[in-house]
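Reader: I would like a close look at one part of this structure, the place where the chains meet. Please take me through it in one connected account.

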Protein chains: 2
Amino acid sequence: MARCRELAAMSEMPSGTLRTYLSPAMKRCYEIVGQWMESAGMRVSVDPAGNLRGILPGAEPGKRVFILGSHLDTVRDAGAFDGILGVVMAIAIVENYRRKNLPFDIEVIGFAEEEGVRFGMPFIGSKALVGLLDEQMLFRTDAHGITVAQAIRDFGLDPEAIAGAALKTTPLGFLEFHIEQGPVLEAEGEPVGVVETIAGQSRASLKFIGSANHAGTTPMHLRHDALAGAAMWIATVERLAPLNPGMVATVGKIDAYPNVANVIPGEVTVSLDVRHANDEVRKIACQDLRLGATMIAKDRGLKVEWANLLDQKAVWLDEPLIQRLQAASPRTLRRMVSGAGHDAMILAPHIPSAMLFLRSPGGVSHHPAESVKPKDADLALKIGYRFIESMSAEYK
Amino acid sequence: MARCRELAAMSEMPSGTLRTYLSPAMKRCYEIVGQWMESAGMRVSVDPAGNLRGILPGAEPGKRVFILGSHLDTVRDAGAFDGILGVVMAIAIVENYRRKNLPFDIEVIGFAEEEGVRFGMPFIGSKALVGLLDEQMLFRTDAHGITVAQAIRDFGLDPEAIAGAALKTTPLGFLEFHIEQGPVLEAEGEPVGVVETIAGQSRASLKFIGSANHAGTTPMHLRHDALAGAAMWIATVERLAPLNPGMVATVGKIDAYPNVANVIPGEVTVSLDVRHANDEVRKIACQDLRLGATMIAKDRGLKVEWANLLDQKAVWLDEPLIQRLQAASPRTLRRMVSGAGHDAMILAPHIPSAMLFLRSPGGVSHHPAESVKPKDADLALKIGYRFIESMSAEYK
């Protein structure tokens with residue numbers, strides 16, 4: 001807990017935590033985390049994508065490796081635990097096994113970029129690890145016009161070598177500890193849970209188009225009120241989601257035009273975010289919501305434009321690793337769907353991957369009030385130790 | 001029609017019409033309109049509030065006066081007819097009676113300010129005429145920090161004399177021609193209508209307060225979504241209004257926070273605008289909508305804050321003048337409620353007042369496409385002539 005708080009002070013903001021990809025604050029963070037890794041017996045390096053990597057050699061160095069880790073970057077005005085906790089816990093596990101001559105190496109990775117704050121593209125670190133970065137991505141720019149390539153150079157690395165960040169061999173697996181970032185474990189009185197699936201996600205933008213008109217002189221029956229139509233559709237979204245257990249559907253953004261108290265709204269744009277573990281269920285829900293929007297618009301003499309922005313498939317984590325985590329746990333683990341994306345989502349199609357969630361008090365994350373109960377962290381660490389023990393017994 | 005178009009070219013904007021209170025564009029407008037007044041036989045002056053006033057003396061000058069007019073200022077990117085038409089038609093009526101030695105004077109007033117664009121306060125011109133301006137109002141500032149008092153001075157007038165803009169004696173009456181600014185006459189195939197009441201108006205602002213949370217990780221049943229609550233209330237507004245015939249109720253403005261696609265909205269602020277000819281009906285509707293908001297909030301674990309911003313009573317125009325307009329008309333006049341405020345609304349409690357509405361093609365106003373049918377203007381003018389004739393017969 002103290003280490004997470006210590007890293008939270010390394011920030012680009014005068015007060016509050018912000019640590020973006022390859023920033024000076026990230027450099028200071030790497031120095032400290034790198035020292036912790038070395039003290040735990042690891043050889044430390046930074047790969048060409050900027051990921052901080054420490055290796056604890058096992059009995060036969062370089063033969064097999066198991067990866068632990070999470071990300072070291074943060075959102076703006078972040079808490080101390082999102083991402084960071086998974087790196088700090090990984091180091092704590094290595095400390096426990098440093099003199100044990102495991103039958104495999106343990107690699108701890110502090111991913112350089114997961115949140116997507118600096119370049120508007122998330123998962124740069126984990127994508128580099130599985131060779132998913134294309135060259136176009138190197139020319140993306142941040143708010144100051146600095147390209148990814150230049151940022152890599154400024155950090156003392158070589159962007160031309162970025163392919164070298166990719167793994168040469170397939171590891172035995174990947175385990176990520178992460179705060180839940182939601183209220184489910186707390187609501188059910190569970191300290192930890194195991195992630196079964198990372199939900200697929202649809203994003204769309206809808207524009208309802210009516211007629212802006214004088215709010216005083218246009219009778220109700222002669223109106224084409226884009227906001228009244230959008231409001232009815234928002235209610236539909238909220239009604240439909242619970243019909244599909246486990247689904248979340250959200251209208252987070254709304255913009256009306258002209259957005260003046262005495263003018264009937266002529267245009268309203270709303271966002272849609274739908275997530276579910278089953279891609280087919282999610283697809284059907286989106287089709288239904290689209291049909292609903294069309295019908296509402298037709299009834300009211302509105303037009304509606306629908307733009308699909310994202311269709312991200314659900315990712316199933318590795319069942320043998322999930323069962324191994326369960327076997328390592330003193331209590332039955334709540335199996336969960338993660339509604340948020342994580343580095344494990346990027347790695348899972350390439351590396352057997354697992355995630356252990358720690359309860360988020362108040363369901364709070366991406367906020368300075370984000371926290372973790374020390375008792376929950378103790379339990380998660382215990383499960384981690386026994387998980388590595390069980391892996392060790394298998395590969396001995 | 002040509003005169004209205006000519007005035008539309010006098011603008012503060014390089015393209016499009018904008019003519020605010022005491023602006024240079026207004027000065028040019030006054031020169032031209034003043035010339036038209038003089039050509040029609042009127043003595044022209046500008047009062048200390050900036051109203052352009054022309055008097056056609058009758059048989060016994062100064063004994064009795066009947067007022068015709070409307071306003072000469074405009075909204076941003078305005079049409080050519082809102083306000084202006086009522087001044088131009090008044091001058092046309094005077095032209096018809098200039099050599100007739102009427103038993104009363106006719107005063108044509110081009111009100112200096114009705115829309116409230118420059119100082120954020122409407123009706124400066126008509127309020128000055130009935131002595132409703134207080135001194136505080138002189139210290140209001142425009143976007144450049146210029147006070148009303150300074151603007152009056154810059155126009156060559158004396159702000160200390162502003163009380164002198166008020167009428168010394170009660171006129172026989174006031175008649176205003178104005179475009180409807182709504183779709184009712186067009187929908188019913190009527191060229192003109194007579195205003196019976198100017199609707200009372202309530203304005204309020206509501207803030208729904210829930211919990212901003214991660215759209216991916218917060219299950220539907222653990223949400224306190226401020227936008228979902230606001231949407232349900234917007235639907236209530238739209239459902240309630242038609243239960244009260246003649247009522248209009250509008251949510252024109254909506255602002256969500258943080259207004260991001262993947263975050264459940266934590267706060268949503270919406271506007272409410274309710275208008276009706278009957279103040280009691282309007283008050284009860286507002287109470288019902290407030291109760292509805294409270295109940296929706298309670299059901300959903302939200303808080304709601306309600307702020308009343310305006311409670312403007314309905315104004316009844318003068319029934320004898322309405323009947324005189326009807327008698328002057330070759331066809332039965334549609335009796336109407338005006339949902340918009342007008343100079344006649346300010347004058348009516350002090351001076352017997354009437355309004356004749358001209359059909360607005362497409363219901364369009366406050367827009368460059370605003371128009372008037374020449375045939376409708378002809379008919380309105382005919383009614384105006386016969387109205388003055390009938391007044392003349394009565395006071396001879």
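Author: What follows is an account of the contact between chain A and chain B, read from a predicted model.

The size of an interface is often given as the accessible area lost when the parts come together. Here chain A and chain B bury about 4,000 Å² between them, with 61% of that area on carbon and sulfur atoms. Within the share that chain A buries against chain B, Met220(A), Asn259(A) and Ala261(A) supply 14%, more than any other three residues. In terms of residues, the contact draws 48 from chain A and 48 from chain B.

The two copies are related by symmetry: a turn of 180 degrees, with a shift of 0.0 Å along the axis, lays chain A on chain B with an RMSD of 0.0 Å. That is the relation of a two-fold axis, and in chain A the C-alpha nearest to this axis belongs to Ala231(A), at 2.2 Å. The same surface serves both copies, in that 100% of the contact residues of chain A recur in chain B.

Turning to polar interactions, the count between chain A and chain B is 12 residue pairs in polar contact, both residues being at pLDDT 80 or more. The elements of chain A that each supply at least two residues to the side touching chain B include the helices α6 (184–188) and α7 (226–240) and the strands β8 (213–214) and β12 (267–276). Of the elements of chain A, α7(A) gives the most to that side, with 5 residues. By character, the residues on the side of chain A that touches chain B divide into 25 nonpolar, 14 polar and 9 charged.

Side chains of opposite charge can pair when their charged atoms come close. Between chain A and chain B the count is 2 salt bridges, whereas the count over all chains comes to 36. Arg300(A) lies in the loop between α8 (279–299) and β13 (303–312) of chain A, and Glu238(B) lies in helix α7 (residues 226–240) of chain B, so this pair joins two chains. Arg300(A) forms a salt bridge with Glu238(B), the closest N and O atoms being 2.7 Å apart. The two partners differ in their surroundings, because Arg300(A), at 17% relative accessibility, counts as buried, while Glu238(B), at 26% relative accessibility, counts as partly exposed.

Key:
Residues numbered from 1 in each chain as written. Chains lettered and ligands numbered in written order. Predicted model: local features only at pLDDT ≥ 70, side-chain atom pairs only at ≥ 80, totals over all residues. Heavy atoms only, no water. Contact = heavy atoms within 4.5 Å. Buried area = accessible area lost by both parts, 1.4 Å probe. Salt bridge = Lys/Arg side-chain N within 4 Å of Asp/Glu carboxyl O. Polar contact = N/O pair within 3.5 Å; in protein donor to acceptor, adjacent residues only side chain to side chain. Helix = DSSP H or I, 4+ residues; strand = E, 2+ residues; numbered from the N terminus. Nonpolar A, V, L, I, M, F, W, Y, C, P; charged D, E, K, R; others polar. Least-squares fit on C-alpha atoms with pLDDT ≥ 70 in both. Buried < 20%, exposed > 50% of the residue type's maximum accessible area, 1.4 Å probe, protein only.
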